[in-house]
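Thanks for coming. I will keep this short, and you can follow along in the viewer.

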Amino acid sequence: MTRIVRFGPALEIAYDDRVLEPREWTAVQSGWAAELLADAPAGPVLELCAGVGHIGLLALTLKSAAPPRHLVAVDLNPVACAFLRHNVRSAGLEDHVEVREGAIEGSLRPAERFALVIADPPWVEHSRIGDHPADPAIAIDGGPDGLVIARMCLRATAAHLLPGGSAILQLGNTGQVDVLEPEADELGLAVEEVREYERGVLARLVESHHA
């Protein structure tokens with residue numbers, strides 16, 4: 001059965017039990033993204049592990065004073081992508097959002113560059129996904145250490161971030177940020193800021209020479 005979650009006064013997000021429920025607290029990531037877009041270089045936005053699209057779509061609609069930037073939203077799950085396309089149409093953003101269904105590495109063209117990357121990858125350790133029976137495994141299973149998909153997001157960010165741009169990566173705890181920080185450094189990325197909030201952490205990454 002399709003359900004609806006409302007984010008703000010205008011954005012309605014449809015989903016069902018086959019996809020991860022769009023929790024209202026994830027709007028924290030959208031808010032930070034909207035703040036960064038105010039000073040970001042010219043260019044589009046990339047959302048990785050987009051799910052049904054609420055984080056990226058809310059970030060665009062929070063910038064109501066200016067035309068929305070172009071958003072490329074990527075997700076592996078065909079069911080999530082179907083809801084994402086519906087939610088794009090419902091928000092009237094068909095001219096501003098491109099949905100790409102598939103793995104991260106095969107969904108981006110080599111020359112593409114983005115002013116902002118938003119990533120909400122699965123970060124639960126494989127052995128712990130049974131602790132979350134209401135959540136589809138594809139949406140939360142981050143592999144043996146919970147960081148397999150997050151590493152894919154880091155590699156995509158390093159390859160496709162515009163100079164002066166930022167990425168916001170959502171993870172479960174600061175320990176995961178600590179594990180990824182040296183790996184990000186090897187890719188030419190630096191952790192600029194970490195914000196803890198109700199259900200996890202957000203890490204802002206920039207190119208190392210901008211940190």
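I will go through the cores, two helix pairs, and then a few single residues.

One caution before that: this is a predicted model.

Let me start with the interior. The largest nonpolar core has 38 residues. Within this core, L57, V88, V97, L116, I118 and I168 touch the most other members. Take L116 from that group. Which residues does L116 touch, once those up to four places away in sequence are not counted? The list is A33, L36, L37, P44, V45, L46, S166 and I168. Besides the largest core there is a second, separate one of 28 residues, and V72, L171, A184 and V191 are among its members.

Next, helix 1, which covers residues 27-37. Its buried residues are Q29, S30, W32, A33, A34, L36 and L37. Two of the names on that list, Q29 and S30, come up again in a minute. What covers the buried residues of helix 1? The cover includes helix 2 and a set of strands: strand 3, strand 6 at 114-119, strand 7 at 161-171, strand 8 at 189-197 and strand 9 at 200-207.

Helix 2 runs over residues 54-62, and 7 of its 9 residues are buried, so this helix is largely enclosed by the rest of the structure. The buried ones are H54, I55, G56, L57, L58, A59 and L60. As I said, L57 is also in the group of the largest core that touches the most other members.

Now the two helices together. A general reminder: a packed pair is described by the angle between the two axes and the distance between them. For helix 1 and helix 2, the angle is about 40 degrees and the axes are 8 Å apart. Why do I call this pair oblique rather than roughly parallel? Roughly parallel requires an angle under 35 degrees, and with about 40 degrees helix 1 and helix 2 are therefore oblique to each other. The crossing of helix 1 past helix 2 is right-handed. On the helix 1 side the contact uses A27, Q29, S30, G31, A33 and A34, and on the helix 2 side H54, I55, L58, A59 and L62. Sorted by class, the residues of this contact are 7 nonpolar, 4 polar and no charged.

The second pair is helix 6, residues 148-160, with helix 7, residues 174-186. Here the angle is about 30 degrees and the axes are 11 Å apart. That makes helix 6 roughly parallel to helix 7. The crossing is right-handed here too. Helix 6 contributes A150, R151 and L154, and helix 7 contributes V179, L180, E183 and A184. By class this contact has 5 nonpolar residues, no polar ones and 2 charged ones. A184, on the helix 7 side, is also one of the members of the second core.

Staying on helix 6, R155 has its place there. Is R155 buried or partly exposed? R155 is partly exposed, at a relative accessible area of 40%. Setting aside neighbours within four places in sequence, R155 is in contact with E105 and L187. E12, 143 residues from R155 in sequence, is 32 Å from R155 in space, C-alpha to C-alpha.

Then C49, in the loop between strand 3, at 45-48, and helix 2. C49 is not a glycine, yet its phi is positive, about 55 degrees. With a relative accessibility of 17%, C49 counts as buried. That is the residue I would like you to look at in the viewer.

Two more, briefly. R3 sits in strand 1, residues 3-7, and is partly exposed at 28% relative accessible area. Not counting residues up to four places away in sequence, R3 touches I13, A14, Y15 and D17. The C-alpha atoms of R3 and R113 are separated by 35 Å, with the two positions 110 residues apart along the chain.

A139 belongs to helix 5, residues 137-140. A139 is partly exposed, with a relative accessible area of 23%. Apart from neighbours within four places in sequence, A139 is in contact with L20 and P122.

That is the end of my list. Questions are welcome.

Technical notes:
Residues numbered from 1 in each chain as written. Predicted model: local features only at pLDDT ≥ 70, side-chain atom pairs only at ≥ 80, totals over all residues. Heavy atoms only, no water. Core = buried A, V, L, I, M, F, W, Y, C linked by side-chain atoms within 4.5 Å. Buried < 20%, exposed > 50% of the residue type's maximum accessible area, 1.4 Å probe, protein only. Contact = heavy atoms within 4.5 Å. Axes fitted to C-alpha atoms, helices over the stretch in contact; angles between N-to-C directions. Helix = DSSP H or I, 4+ residues; strand = E, 2+ residues; numbered from the N terminus. Parallel < 35°, antiparallel > 145°, perpendicular 65-115°, else oblique. Left-handed = near helix turned anticlockwise from the far one by under 90°. Nonpolar A, V, L, I, M, F, W, Y, C, P; charged D, E, K, R; others polar.
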